Amino acid sequence: MRKRLLILCATFAMMGCAAYRTNGPDAEFREVVFSYEGKARSVCITGDFNHWAHDSHCLLQNQGVWSIRLRLPHGPIHYAFVVDGKEWVMDPKALFVENDGFGKQNSVVMIE
């Protein structure tokens, strides 16, 4: 199996990160790693992949970096971080953003 890692963020940026690993050209899902750097008591990720649930996919902290590994389907994934259960934060390292229809923006990652 051919594996490739596409990093969709700069490694030196301060807040969030999304990267994904492919497991062959015909795989239906991709493993995606989301990370967030910043002061927080809790960090979760919300998006169209979990029906915008703000507490169903929480990141684990390791040496000041919060991260979670998810298997997501092909196509665009719209998401945001939920910090301390209340503050919705766009991923500052996301290559794509989209208006959320409520005056803010969501991060977008394209899973190929």
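Here is a walk through the structure, from its overall layout to a few local details.

Keep in mind that this is a predicted model. The protein has 10 strands and zero helices, so if you trace the elements from the N terminus you read β-β-β-β-β-β-β-β-β-β. Of its 112 residues, 39% are buried.

Let's start on the inside. The largest nonpolar core holds 18 residues, and the ones with the most contacts inside it are Phe34, Tyr36, Ile45, Leu59, Tyr79 and Phe81. Who contributes to this core? Strand 3 (29-37), strand 4 (43-47), strand 6 (65-73), strand 7 (75-83) and strand 10 (105-111) each put in at least two residues.

Several of those core names come back when you look at the rings. A search of the whole structure turns up four aromatic pairs. Take Tyr79 and Phe81: their ring centres sit 6.1 Å apart with the planes at 80°, and because an angle over 60 degrees counts as edge-to-face, that is the label this pair gets. Both partners are hidden from solvent by the usual cut-off: Tyr79 has a relative accessible area of 1%, which is under 20% and therefore buried, and Phe81, at 0%, counts as buried too. Step back a little and you find Phe34, Tyr36, Tyr79 and Phe81 forming one aromatic cluster. Those four residues are also among the core members with the most contacts, so the cluster and the core are worth viewing together.Next comes the covalent link. The whole structure contains one disulfide, and it joins Cys44 to Cys58 with an S to S distance of 2.0 Å. The torsion about that S-S bond is about 70°, so the disulfide is right-handed. Cys44 lies in strand 4, whereas Cys58 is in the loop between strand 4 and strand 5 (60-62), so the pair ties together parts that are 14 residues apart in sequence. Are the two cysteines buried or exposed? Cys44 has 6% relative accessibility and counts as buried, while Cys58 is partly exposed at 37%.

Now for the outside. Leu95, Phe96 and Met110 make a nonpolar surface patch of about 310 Å². Phe96 belongs to strand 9 (residues 96-99). With a relative accessible area of 48%, Phe96 is partly exposed, because the exposed class begins over 50%.

Finally, two backbone spots deserve a look in a Ramachandran plot. His51 is not a glycine, yet its phi is positive, at about 60°. You'll find His51 in the loop between strand 4 and strand 5, and at 73% relative accessibility it counts as exposed. Asp84 is the other one: its phi is near 55°, again a positive value in a residue other than glycine. Asp84 is located in the loop between strand 7 and strand 8 (87-89). Its relative accessibility is 26%, so Asp84 counts as partly exposed.

Notes. Residues are numbered from 1 along each chain as its sequence is written. This is a predicted model: local features need pLDDT of at least 70, side-chain atom pairs count only at pLDDT 80 or more; totals for chains, interfaces and linings use all residues. Side-chain values use heavy atoms; hydrogens and water are left out. A nonpolar core is a set of buried Ala, Val, Leu, Ile, Met, Phe, Trp, Tyr and Cys residues joined through side-chain atoms within 4.5 Å. Buried means under 20% relative accessible area, exposed over 50%, partly exposed in between (1.4 Å probe, protein chains only). Helices (H or I, at least four residues) and strands (E, at least two) are DSSP runs, numbered from the N terminus. Patches are made of residues with over 30% relative accessible area and no salt bridge: like charges are joined within 9 Å, nonpolar side chains (Val, Leu, Ile, Met, Phe, Trp, Tyr) within 5 Å. Accessible areas come from the Shrake-Rupley method with a 1.4 Å probe; for residues, only the protein chains shown count as cover. A salt bridge is a side-chain nitrogen of Lys or Arg within 4 Å of a carboxyl oxygen of Asp or Glu. A disulfide is a pair of cysteine sulfur atoms within 2.5 Å. Rings of Phe, Tyr and Trp (its six-membered ring) pair if their centres lie within 6.5 Å; planes under 30 degrees apart count as stacked, over 60 as edge-to-face and the rest as tilted.
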